[in-house]
Amino acid sequence: MTDVAIVGGGPAGLAVAIHAARKGLVTRLFERQGLPRDKACGEGLLPAGLRELEALGARALLTTEDCARLEGIRYLQEDGTTVEGRLPAPGGLGIRRLALERVLAQVAREAGVDVREHCQVTNVERTREQARLTLASGERVEARLLVAADGLASPLRRAQGLEVAPLPHAPRRFGLRQHFRLAPWSPFVEVHFASGVEAYVTPTGDTRVGVAFLWEDGRVEGRVGFPQLLQRFPALEARIAGAPEDSSPRGAGPLAQTVRARALDRFVLVGDAAGYVDAITGEGLTLALRSARELGQRLPEILQRGATRESFRAYERAVRPHYRRYVVFTRMLLTLARRPWLRARVIRQLAQHPALFETLVHRIVDP
């Protein structure tokens, strides 16, 4: 009998696997693709997320080709107004998604996790005693607990009836990301604003920057592609003009995902599968690693109590403040992004009071 079966080999799934194995639990992870996988991701780790990465023992495996130190956040808007604030210690990390999954998979295997690549789970049955997984190969796996870490569009979340359908006219946000081979010009994450779209520039190595766009469906006219979005930011376009492409454009969305609950008997959601609002605050990776730790630390007790829905209450209480803060600040920033006149006014005011902006940055990224 497997103690913990994890579906999804992203940062959340791998982090849960590491914590579970270090607790002495028989842990198996199933990933339908190979590892590492390239996915649309802002690739920024905030200070709390960096501490989680260091605690896992993965930070030491990264090189300067894989990542770059982040010292702060800088907002830039159409009228030239700029405001920036430094991150609290230990700072942040811009990290290539491929490198993050590579080192987490290495740590997981070293911890004793049975990592199964190119292994698709086609069916799940839950009873009060166990979860039964059927693989595409026909193999059956019995586990005391199933952890769904299968991403933003989580098929397992949907199959278990935990997905909440969006309202018919709810705004939909999308993301698109690509890398360029050039030395970062700043140790800050830059957030460039234009009407209806934001651009995020993250150093992800000593000779690489990632550029990601976020926009709301219907607010960007004409064709939506990387070149068309980049043209909305002339200063940024000039910065990367002539730089070789270092990855292909990858998209994600709709970003908002709501869940009815994060746990059922013998089943729990973690990472983006556990609910998502938007990438505008850059907290996705940090929230995933924090939640993985909160779950991993409690797994022996959860299993001892039969992995019932009730047994997950302590886990849900622990992660609730992180999700609540994320939701509050994300919705606040989305309100500004959807009202360019208000956003412009707020950033102009903050530019006159940079210490206030830095205080806000500290409150958002490291409460």
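Me: Buried means under 20% relative accessible area, exposed over 50%, and partly exposed in between (1.4 Å probe, protein chains only). With that settled, what relative accessibility does Arg 97 have?

Reply: This is a predicted model, in which local features need pLDDT of at least 70, side-chain atom pairs count only at pLDDT 80 or more, and totals for chains, interfaces and linings use all residues. Residues are numbered from 1 along each chain as its sequence is written, and side-chain values use heavy atoms, leaving out hydrogens and water. Arg 97 sits in helix 3 (helices, H or I of at least four residues, and strands, E of at least two, are DSSP runs numbered from the N terminus). Arg 97 counts as buried because its relative accessibility is 9%.

Me: How far apart in space are Arg 97 and Asp 38, C-alpha to C-alpha?

Reply: Leaving aside residues up to four places away in sequence, Arg 97 touches Gly 10, Pro 11, Arg 37, Lys 39, Cys 41, Glu 43 and Leu 285 (contact means heavy atoms within 4.5 Å). Arg 97 and Asp 38 are 59 residues apart in sequence, yet from C-alpha to C-alpha their separation in space is 6.4 Å.

Me: Nice. Which residue forms a salt bridge with Asp 38 at 3.1 Å?

Reply: A salt bridge here is a side-chain nitrogen of Lys or Arg within 4 Å of a carboxyl oxygen of Asp or Glu. For Asp 38, the side chain at the other end of the 3.1 Å N to O pair is that of Arg 177. Asp 38 lies in the loop between strand 2 and strand 3 and its partner in strand 13 (residues 173-180), so the pair ties together parts that are 139 residues apart in sequence. Both residues are buried, and the partner asked for is Arg 177.

Me: How many residues apart in sequence are the parts that Glu 65 and Arg 208 tie together?

Reply: Glu 65 and Arg 208 form a salt bridge whose closest N and O atoms are 2.8 Å apart. Glu 65 is in the loop between helix 2 and strand 4 (67-70) and Arg 208 is in strand 16 (residues 208-216), so the parts they tie together are separated in sequence by 143 residues. Burial differs along this pair: Glu 65 counts as partly exposed at 32% relative accessibility, whereas Arg 208 is buried, at 6%. The separation in sequence, once more, is 143 residues.

Me: What separates Glu 294 and Arg 298 in helix 7?

Reply: Their salt bridge has its closest N and O atoms 2.7 Å apart. Glu 294 is buried, since its relative accessibility is 9%. The two residues are four apart in helix 7, so what separates them is about one helical turn.

Me: Which residues do salt bridges that share partners join into one network?

Reply: A search of the whole structure finds 35 salt bridges. The pair of Glu 294 and Arg 298, at 2.7 Å between closest N and O atoms, is one salt bridge. Elsewhere, shared partners link salt bridges into one network of Asp 38, Glu 43, Arg 96, Arg 177 and Arg 250.

Me: What phi does Glu 43 have?

Reply: Most residues other than glycine have a negative phi, and most peptide bonds are trans. Glu 43 lies in the loop between strand 2 and strand 3 and is buried, because its relative accessible area is 2%. Although Glu 43 is not a glycine, its phi is positive, at about 65 degrees.

Me: Where does Pro 36 lie?

Reply: The peptide bond from Leu 35 to Pro 36 is cis, with omega near -5 degrees. The bond from Gly 253 to Pro 254 is cis too, with omega near -5 degrees; Pro 254 is in the loop between strand 17 (250-252) and strand 18 (258-259). Pro 36, for its part, is in the loop between strand 2 (27-30) and strand 3 (44-45).

Me: How many of the ten residues of helix 2 are buried?

Reply: The cover over the buried residues of helix 2 includes helix 1 (11-22), strand 3, strand 7 (92-95), helix 3 (97-110), helix 7 (284-304) and helix 10 (354-365). Among the buried residues are Leu 50, Leu 53 and Leu 56. Helix 2 (residues 47-56) is largely enclosed by the rest of the structure, because the number of its ten residues that are buried is seven.
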